[in-house]
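Visitor: I'd like to go through the labels on this model one by one. Could you show me the value behind each of them?

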Amino acid sequence: MLTIPRIALYRPHEDEARAVLQLFPRDIYSIRVVDSAAQILVYITEENSAFDAIIVPPRTQDDDSG
């Protein structure tokens, strides 16, 4: 059975989101953009599957540094 890696992308700045999405094509990876750790837990519970990685980009939506 083929397993698709699951990635949570934490609040990326628009420019960062594009860069990350280019690195991880959606036909190979399952990527969820999340706003909080709580939202990550909701996805894990609802989809009954943990994430393989959580990416915190250098800049987030509010221009804070990651």
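Visitor: Let's start with Tyr29. Why is this residue called partly exposed?

Guide: Its relative accessible area is 24%. Buried means under 20% and exposed means over 50%, with partly exposed in between (1.4 Å probe, protein chains only), so Tyr29 gets the middle label. Before we go on: this is a predicted model, where local features need pLDDT of at least 70 and side-chain atom pairs count only at pLDDT 80 or more, while totals for chains, interfaces and linings use all residues. Residues are numbered from 1 along each chain as its sequence is written, and side-chain values use heavy atoms, with hydrogens and water left out.

Visitor: What makes Phe24 and Tyr29 an edge-to-face pair?

Guide: A search of the whole structure turns up 2 aromatic pairs. In this one, the ring centres are 5.0 Å apart and the planes stand at 90°. Rings of Phe, Tyr and Trp (its six-membered ring) pair if their centres lie within 6.5 Å; planes under 30 degrees apart are stacked, over 60 edge-to-face, and the rest tilted. Both conditions are met, so edge-to-face is the label for Phe24 and Tyr29. Phe24, at 22% relative accessible area, is partly exposed.

Visitor: And why does the pair of Tyr43 and Phe51 count as edge-to-face?

Guide: Here the centres are 6.5 Å apart and the planes are at 80°, so the pair is edge-to-face again. Tyr43 and Phe51 are both buried.

Visitor: How do you know that Arg6 sits over the ring of Phe51?

Guide: The charged end of Arg6 is 4.4 Å from the ring centre of Phe51. The rule asks for NZ of Lys or CZ of Arg within 6 Å of the ring centre and within 35 degrees of the ring normal. Arg32 does something similar with Tyr43, lying over its face at 5.4 Å from the ring centre.

Visitor: What makes Arg6 a buried residue?

Guide: Its relative accessible area is 8%, so Arg6 falls on the buried side of the cut-off. Arg6 is in strand β1 (residues 6–10); strands (E, at least two residues) and helices (H or I, at least four) are DSSP runs numbered from the N terminus. Contact means heavy atoms within 4.5 Å, and leaving aside neighbours within four places in sequence, the contacts of Arg6 include Ser30, Tyr43, Glu47 and Phe51.

Visitor: Why do Arg6 and Glu47 count as a salt bridge?

Guide: Their side chains meet at 2.5 Å, N to O. A salt bridge is a side-chain nitrogen of Lys or Arg within 4 Å of a carboxyl oxygen of Asp or Glu, so this pair qualifies. Arg6 lies in β1 and Glu47 in helix α2 (residues 37–47), so the pair ties together parts 41 residues apart in sequence. Glu47 itself is partly exposed, at 27%.

Visitor: What makes Arg6, Arg32 and Glu47 a network?

Guide: Glu47 also forms a salt bridge with Arg32, the closest N and O atoms being 2.8 Å apart. That pair links distant parts of the chain, with Glu47 in α2 and Arg32 in strand β2, 15 residues apart. Arg6, Arg32 and Glu47 are thus linked by salt bridges. At 24% relative accessibility, Arg32 is partly exposed.

Visitor: How many salt bridges are there by this rule?

Guide: The count is 3. One of them joins Glu14 and Arg18, with the closest N and O atoms 3.3 Å apart. Glu14 and Arg18 both lie in helix α1, 4 residues apart, about one turn of the helix. Glu14 is exposed at 56%, and Arg18 is partly exposed at 45%.

Visitor: How do you know that the buried residues of α1 line one face?

Guide: In α1 (residues 14–23), Glu16, Ala17 and Val20 are buried. Seen down the helix axis, they fall within an arc of 100°, so they line one face; the arc is that of the directions from the axis to the C-beta atoms. These residues pack against β1 and β3 (53–55), while the face turned away carries the exposed Glu14 and Gln22.

Visitor: Last one: what makes Asp27 an exposed residue?

Guide: Asp27 has a relative accessible area of 67%, so it clears the exposed cut-off. You'll find Asp27 in the loop between α1 and β2 (30–34).
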